[in-house]
Amino acid sequence: MVHVTRGFTGRHPATDDRLPPGQYLTDDFPVLSAGPTPAIRRDEWTFSVRDGDQALRSWTWDEFTALATEDITVDIHCVTRWSRLDTTWRGVAIDDLLADVDTAAEYVLARSYGGYTTNLPLEDLLDGKAWIAYEHDGEDLPPEHGGPARLLVPHLYFWKSAKWIKSLDLVDDDDPGFWETLGYHDYGDPWREQRYQGD
Amino acid sequence: MTASRVETATAHTLSLRVDEWNGHLPGQHIDVRLTAPDGYQAVRSYSLAAPALDGVIEITVQRLPGGEVSGFLTDTAMVGDQFEIRGPLGNWFVWDQDDPSPVLLVAGGSGVVPLMSMIRARDRADIQTPLHLIHSVRTPQDRIYGDELTRLAARAGGPSVTWLYTRTAPPTETRPPGRLRRDDLDDGSTWTSGATPICFVCGPTGFVEEAANHLLASGHPADRIRTERFGGR
């Protein structure tokens, strides 16, 4: 049952069909991180696709930024309720990074510099739905927003788009990552408001 | 809502009596949902400011320029009003009262709210864990919980509290007003046990970025620094 709040009319801020339930539009780019922003040198940065302890593919910064890129314009939705429309990024499609990888794994654990992890179904990273992004708004991705490079999975709540990405680990089981262990939803679909476990 | 208390010119503490509240951890927050007669809804998160007492919880709300929820809660809401809330939420930015590690709390502005919950929990449980709060505020008038913190700090076994002023300092303050510096957070004298402190940093994004970087530069391990940020930059 909906309880009408006495005296509250609300500002009815600008809305949009592209805004999922319970979200509000912002032009800001707020930061949500569990700890300090890691300082990562590009000349020491690597990104890899892993199967267990084995790196199937690995790239240095120079190798990675030499890969074919895509310009991406997407809406993003943070579980803390802000959404931004038409954000622009440049990065490499996960389809391309996994093109030569043969795997029976159904899930991915994204691992970050600094220790952050998040779990996703592999199919949510494929078919043009996800990227490793290293530019935002035409500039290098700032460290507090995940630079040098972050995972970009815009159709899920933004905590799934792991900052400071280090590897994608192909795994058989959907074991929870950092926020998921702490009560956030394993999948995180903003259109179904899957914020917390049980939603 | 059972009470509303003015903390500063822009911050109010609301007391809410909640049916079936099973307690919460210091540092957790709730979501508050307001509904207009036409069905429009707005939801915002607010940190809990104290342990629950007889089914009553407290949040401290900083009125933001143009804030449709914070403005309503500080200016329009009255004792007797009802709100929908969800919580307690958040299991990361919480202090474990059984952890004997010294605690360093660093707050910018209204970021002090979840940290006050930790200080009050420590006080009510009569815990002796060393605890130091460093609170950065613009002026002395912006010290949320200033009187209570002064009182607690004066008590034997109480927390130590330091205010840093960014715009205007009281006449007795020797530190010139200014933004956070690394040596503001160097406070080796507080930690006599040799244990590695657990650090909680809460405030606006820019403040938290700077504070966390200062802590790292001072030798605090990254995995002992927990942060909570609000606002964009």
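Hi everyone, here is a short tour of chain B, from a β-α-β unit to a helix that meets chain A. This is a predicted model, where local features need pLDDT of at least 70, side-chain atom pairs count only at pLDDT 80 or more, and totals for chains, interfaces and linings use all residues. Residues are numbered from 1 along each chain as its sequence is written, with chains lettered from A and ligands numbered from 1 in the order in which they are written.

Let's start with strands β8(B), residues 131-137, and β9(B), residues 160-165, which pair in the parallel sense over 6 bridges. Helices (H or I, at least four residues) and strands (E, at least two) are DSSP runs, numbered from the N terminus, and pairing takes at least two DSSP bridges. In this pair, B:Leu133 sits opposite B:Val161.

Now for helix α5(B), residues 205-217. How far apart should its ends be? At 1.5 Å a residue, its 13 residues should span 18 Å, and the end C-alpha atoms are 18 Å apart, so the two agree; the expected span is 1.5 Å times one less than the number of residues. After the helix comes B:Gly219, with a positive phi near 105°.

Finally, the contact with chain A, which takes 30 residues from each of chains B and A. Contact here means C-beta atoms, placed from the backbone, within 7 Å. On the chain B side, α5(B) gives the most, with 5 residues. Elements giving two or more residues to that side also include β3 and β4 of chain B.

Key:
A crossover is right-handed if, with the strands pointing away from the viewer, the path from the first strand over the helix to the second runs clockwise. Two residues are in contact if their C-beta atoms, placed from the backbone, lie within 7 Å.
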